[in-house]
Amino acid sequence: MQLVYEDAHLVVLNKPAGVLSVPGRGLDKQDCVLSRLQQSHPSARVVHRLDMATSGLMVFALHTDSQ
């Protein structure tokens, strides 16, 4: 994932096509943008999702107030 922007409140990543935005059902669908981001930003929260086949910018909140 390419980091596009980060501040104290949010992170913006460029999601490539073919990657899930959030975990799916089943152990084989746990790799996703959110789980990768949470390795470096454990408090990251989803603001919106993109379909697996869709590429584009995704915004993640870093705390409840910014979500």
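Select C32 to start: C32 is buried, at a relative accessible area of 0%. Buried here means under 20% relative accessible area, exposed means over 50%, and partly exposed is in between, using a 1.4 Å probe and protein chains only. Before you click on, bear in mind that this is a predicted model, where local features need pLDDT of at least 70, side-chain atom pairs count only at pLDDT 80 or more, and totals for chains, interfaces and linings use all residues. Residues are numbered from 1 along each chain as its sequence is written, and side-chain values use heavy atoms, with hydrogens and water left out.

**Around C32**

You'll find C32 in the loop between β2 (10–15) and α1 (33–40). Helices (H or I, at least four residues) and strands (E, at least two) are DSSP runs, numbered from the N terminus.

Which residues should you show around C32, leaving aside its neighbours within four places in sequence? Pick V19, L20, S21, V22 and P23, which are in contact with C32; contact means heavy atoms within 4.5 Å. Try a distance from C32 to V22: they sit ten residues apart in sequence and 5.4 Å apart in space, C-alpha to C-alpha.

Now move to V19. Not counting residues up to four places away in sequence, V19 touches M1, C32, V33 and M52.

**The core**

Next, select V11, L13, V19, V22, C32, V33, L34, L37, A44, M58, F60 and L62 and show their side chains. These twelve residues form the largest nonpolar core. A nonpolar core is a set of buried Ala, Val, Leu, Ile, Met, Phe, Trp, Tyr and Cys residues joined through side-chain atoms within 4.5 Å. Colour by element and you'll see that β2, α1 and β4 (56–61) each supply at least two residues of this core. Which element gives the most to it? That's α1, with three residues. As background, nonpolar side chains tend to be buried together in soluble globular proteins.

**Over to the β3–β4 loop**

Follow the chain to the loop between β3 (45–46) and β4, where R49 lies. Is R49 buried or exposed? R49 counts as exposed because its relative accessibility is 59%. Leaving aside neighbours within four places in sequence, R49 is in contact with S21, V22 and M58. S21 and V22 are also among the contacts of C32, so to speak a familiar pair from the first stop. For a longer view, draw a line from R49 to D7: 42 residues apart in sequence and 20 Å apart in space, C-alpha to C-alpha.

Stay in the loop between β3 and β4 and pick V47. V47 is partly exposed, with a relative accessible area of 39%. Not counting residues up to four places away in sequence, V47 touches V59, F60 and A61; F60 is one of the core residues you selected earlier.

**Zoom out**

Switch to cartoon for the protein chain: one helix and four strands, running β-β-α-β-β from the N terminus on. The C-alpha trace spans about 30 × 20 × 20 Å along its principal axes. Buried residues make up 27% of the 67 residues. Of the contacts with a separation of 6 or more, 48% are between residues 24 or more positions apart.

Last stop, the charges: select the 6 positive and 6 negative side chains, whose two sets have centres 9 Å apart. Lys and Arg count as positive and Asp and Glu as negative, while His and the chain ends are not counted. Each charge is placed at NZ of Lys, CZ of Arg, CG of Asp or CD of Glu.
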